[in-house]
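User: Hello! I am new to reading protein structures, and I would like some help with this one. Could we go through it feature by feature?

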Amino acid sequence: MNNTDPFPGDNLEINTSLEEKLEKILPLVEKPGRYVGGEYNSIIKDWNNISTKVALVFPDIYDIGVSNLGLQIFYERINQLNDCLAERSYSPWIDMESQLRKYKIPLYSLETKTPLKKFDILGITLPYESLYTNALNLLNLAQIPIRSIDRGLGFPLVISGGHATYNPEPMAPFIDAFLIGEGEEIFLELISTYQIWKSKNQPKIDLLNKISHIDGVYVPAFYEPQYYENGIFSNLLLKNKKSPKIITKRIMGKLPYSPTHFIVPSISVVHNRIPVEIMRGCTRGCRFCHAGMINRPIRERDVNEIVDTIEKALDNTGFEEIALLSLSSSDYTNILELVNQISDRFSKRNLTISLPSLRIETFSIELMEKLKGSRQGGFTLAPEAASDRMRGIINKPISEELLLSTAYEIFKCGWTTLKLYFMIGHPSETLEDVAEIASLCKKVLAEGHKAIGKRAKVHAGVSTFVPKPHTPFQWVSCDQPDLIRQKQNILREALKGRGFKLNWTDPKETMMEAWLSRGDRKMAEVIETAWKNGAKFDAWQDFKNYDIWMQAFTENDLDPYFYVHRERDLKEIFPWEHIFPGVRKTYLKTEYLNSMSMKLRGDCRQQCYACGITQTFNHLREEDPGIIWKCPNLVTKRRANELSLSN
Amino acid sequence: MNYRYRINYSKKNDMRYTSNLDIHKMWERTFRRAKLPLVYSQGFHPQPKIQLACPLPLGFLSRHELVDVVIGQDFSLELFTERIEKALPSGIGINQVTVVNLHDPALQTQIESSEYHIYFLENFDQDQLTKELTEVLAKPNIIRNRRGKNYDLRPLILEAEMIDDQPPYLRLILESKPSATGRPEEVLDELKVPLELTRIIRNSLFFSGSKK
């Protein structure tokens with residue numbers, strides 16, 4: 001019946017047999033629009049005229065993955081190249097997965113509905129660890145062997161990057177190459193190396209060899225981890241003498257262009273908005289914060305550039321919401337000017353503009369007031385800890401007085417709900433410290449009552465701390481689940497009354513996040529077993545796979561306690577140390593020791609604490625002198641010291 | 001001055017998997033991309049004045065859908081059409097654009113019935129289906145239950161016949177008033193045809209009093 005198409009279509013007929021099957025399957029699944037593409041700004045290129053085909057994959061459902069900024073950057077950049085194309089794919093939800101398996105349909109790209117196994121390069125983003133089982137499931141659905149060693153020439157090169165891959169070891173056997181750090185340049189370098197290799201008809205090992213010489217590329221097959229008898233990692237054996245001993249992350253000296261041709265989904269998704277990165281990096285030095293350590297140095301975009309990006313992106317998408325992204329918006333140097341300009345240019349257009357990560361001070365309210373459009377969201381502050389002792393340990397000093405007066409003003413200005421983010425489980429935290437979170441919430445609500453009466457609400461989001469690689473807390477152990485529950489119960493009891501809402505994380509989920517982020521290469525066996533036994537969508541609410549994971553540890557004769565609750569000796573070598581984020585271990589260790597004595601370190605734009613980032617990337621800084629980097633200028637300082645010494 | 005435009009469009013290809021609510025959003029974004037100054041409702045949550053004629057169920061194709069939009073500027077039909085066509089996602093095709101009276105009643109209250117063409121994706125027994133259809137149409141009442149409420153499907157079927165074309169299809173005209181709507185999938189259910197083995201195309205929307 002397809003030959004006598006009763007209805008005119010304007011799409012290229014690319015894979016009619018697949019389209020025919022989909023037509024019968026899609027009426028049976030929830031939100032079929034997830035699986036068909038065709039969105040505004042999606043790019044379809046002619047496969048016959050393109051040499052290198054890249055599939056960009058987010059291993060969670062479309063609703064979450066489609067708005068990922070990182071993949072959007074690559075999507076636009078790669079499609080700008082005349083000899084390359086990039087298409088997208090996401091994890092199918094369980095209903096679609098069973099249909100794909102039933103009809104033996106390999107997972108395909110949305111643009112041309114081409115099976116993923118037909119692409120040259122498969123790029124899987126791993127922003128967080130709970131996507132690991134989904135990544136394996138996705139390869140399997142694509143009918144691609146999950147282990148690198150089983151993928152010969154007939155399969156795509158499988159690469160990965162993203163925040164989680166700063167400890168690549170748990171996923172090492174599954175990924176051919178990791179791209180460490182900011183991917184804008186390195187991805188393109190990898191593509192051109194791939195193209196040269198492909199033109200010469202050489203074996204895959206030659207490809208791995210060649211790409212391992214690109215700065216920032218980690219090819220795990222060339223390294224073999226060694227362990228002591230007690231299971232602790234000892235060192236990494238180089239199986240290929242020419243491979244680098246240390247893989248230093250890649251960064252952009254100056255932030256590259258922002259994407260403006262965002263995919264506009266034809267169905268509703270989690271984030272329907274234009275994300276604009278106003279700066280990268282953070283100078284606050286909170287000791288628990290993974291993002292704050294691995295995204296150094298701080299680099300800002302110019303105000304005019306940001307406003308221009310918003311203007312273009314609005315024209316290109318028709319979106320009604322803009323999110324200004326950074327780790328700490330208040331630290332953006334010209335934040336007032338930026339907000340003023342955005343308010344002047346866009347306030348009459350019925351848009352929602354969000355500015356997250358504001359500091360606890362009344363100035364933040366002024367900023368939010370200016371951005372307040374027709375629709376009004378909540379106001380969010382992140383004190384993280386409630387006692388001065390804990391603030392000293394995590395290095396996030398805030399004054400309670402200032403928090404309360406800010407809260408009062410927020411309610412007074414018309415917000416009825418104030419969201420407060422806290423984290424429990426920090427090193428040496430006591431039950432009294434946790435109780436102080438509850439009493440702080442009560443004091444904040446009392447301010448709300450003073451300002452607007454009983455309408456005031458406080459929502460407390462309380463997450464649980466996981467000691468992350470490459471942070472000053474990488475040596476510490478994670479709280480035991482029982483203790484976490486005890487702490488959560490204190491908050492639940494105390495914040496029962498009217499006006500409070502409390503969110504917390506299931507301790508089982510925290511355990512999984514901990515063993516995955518702190519794992520060595522042995523963890524890969526656990527991940528594979530868990531996946532084989534049915535673990536997937538581990539990031540989803542009510543984490544149901546805990547027993548599957550426990551069983552996977554047992555089957556592989558490994559102990560989650562070893563990864564999660566064991567305090568590391570200061571001399572221990574970590575299984576992720578060959579990945580260098582530019583921040584030195586000696587600095588992290590000093591900061592760890594500082595935390596024990598509650599010694600505060602200020603904003604490092606005011607004073608450099610020698611984390612190592614400027615030394616590592618000095619060559620890039622020299623290429624782009626001026627105010628883009630916010631690190632103090634060390635060279636001048638050193639010269640001044642030398643002068644004073646010679647005097 | 002505000003102006004009300006009516007767009008007659010087709011819903012094609014993969015756009016069939018976009019729901020009625022999401023089609024509304026799609027139009028809103030298309031008008032913004034086309035730089036047509038949308039007029040918003042008054043009040044605490046201003047909404048652009050965009051009206052769809054009659055919801056099309058998820059998965060259906062259509063040769064005749066209608067949307068009304070109020071904009072704050074007078075455009076020639078040519079310029080209006082040109083701007084939208086540049087801003088549309090694939091899967092939406094413009095058939096015709098007209099200007100309508102700003103104060104006409106809401107679009108959805110003006111529609112009376114819809115014509116559907118139903119094709120069959122797998123081999124089927126045309127004689128058997130014709131027989132089933134004759135039996136269904138011979139019934140004085142077809143009492144069914146929709147969301148806990150009983151209703152009679154029979155009077156909602158205005159016309160139904162097998163068209164012996166290449167390929168053959170089932171042609172239905174069903175009532176499409178906000179108060180009473182006949183659904184093709186309910187007729188298919190009476191005919192014992194699984195929905196997923198059909199391709200349903202809405203062929204026309206009929207205004208009150210316009211049909212024969």
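User: What is the strand order of the open sheet of three strands in chain A, and is the pairing parallel or antiparallel?

Analyst: Happy to help! Keep in mind that this is a predicted model. The general idea is that strands of a sheet pair through backbone hydrogen bonds, either parallel or antiparallel. Here, the order in the open sheet of chain A is 10-13-14, and the pairing is parallel.

User: Which strands are the edge strands?

Analyst: Look for strands that pair on one side only: in chain A these are strand 10 (274–277) and strand 14 (352–354). From one strand to the next, the twist averages 15°.

User: How many bridges join strand 13 and strand 14 of chain A?

Analyst: Strand 13 (residues 321–325) pairs with strand 14 of chain A over three bridges, in the parallel sense. To find the place by eye, look for Ala323(A), which stands opposite Ser354(A) in strand 14 of chain A.

User: Which helix packs on the sheet?

Analyst: That is helix 9 of chain A, which touches strand 10 and strand 13 of chain A. The direction of helix 9 makes about 160° with that of strand 10 of chain A.

User: Now for two helices. At what angle do helix 17 and helix 18 of chain A pack?

Analyst: In general, two packed helices are described by the angle between their axes and the distance between the axes. In this model, helix 17 (residues 523–532) and helix 18 (residues 546–555) of chain A pack at about 130°, and their axes are 8 Å apart. Helix 17 and helix 18 of chain A are therefore oblique to each other. The crossing of helix 17 past helix 18 of chain A is right-handed.

User: Which residues meet there?

Analyst: From helix 17 of chain A come Val526(A), Thr529(A) and Ala530(A); they meet Ile548(A), Trp549(A), Ala552(A), Phe553(A) and Glu555(A) in helix 18 of chain A. Sorted by type, the residues of this contact are six nonpolar, one polar and one charged.

User: Let us step back to the chains. How many residues of chain A are in contact with chain B?

Analyst: There are 30 residues of chain A in contact with 30 residues of chain B. Helix 1 (16–25) and helix 9 (303–317) of chain A each supply at least two residues of the side of chain A that touches chain B. That side of chain A has twelve nonpolar, twelve polar and six charged residues.

User: And where are the domains of chain A?

Analyst: The domain assignment gives domain 1 (16–248) and domain 2 (273–376 + 583–647) of chain A. Their C-alpha centres lie 30 Å apart. Five residues from domain 1 and eight residues from domain 2 of chain A take part in the contact.

Note on methods. Residues numbered from 1 in each chain as written. Chains lettered and ligands numbered in written order. Predicted model: local features only at pLDDT ≥ 70, side-chain atom pairs only at ≥ 80, totals over all residues. Contact = placed C-beta atoms within 7 Å. Helix = DSSP H or I, 4+ residues; strand = E, 2+ residues; numbered from the N terminus. Nonpolar A, V, L, I, M, F, W, Y, C, P; charged D, E, K, R; others polar. Domains from an automatic or database assignment. Axes fitted to C-alpha atoms, helices over the stretch in contact; angles between N-to-C directions. Parallel < 35°, antiparallel > 145°, perpendicular 65-115°, else oblique. Left-handed = near helix turned anticlockwise from the far one by under 90°. Pairing = 2+ DSSP bridges.
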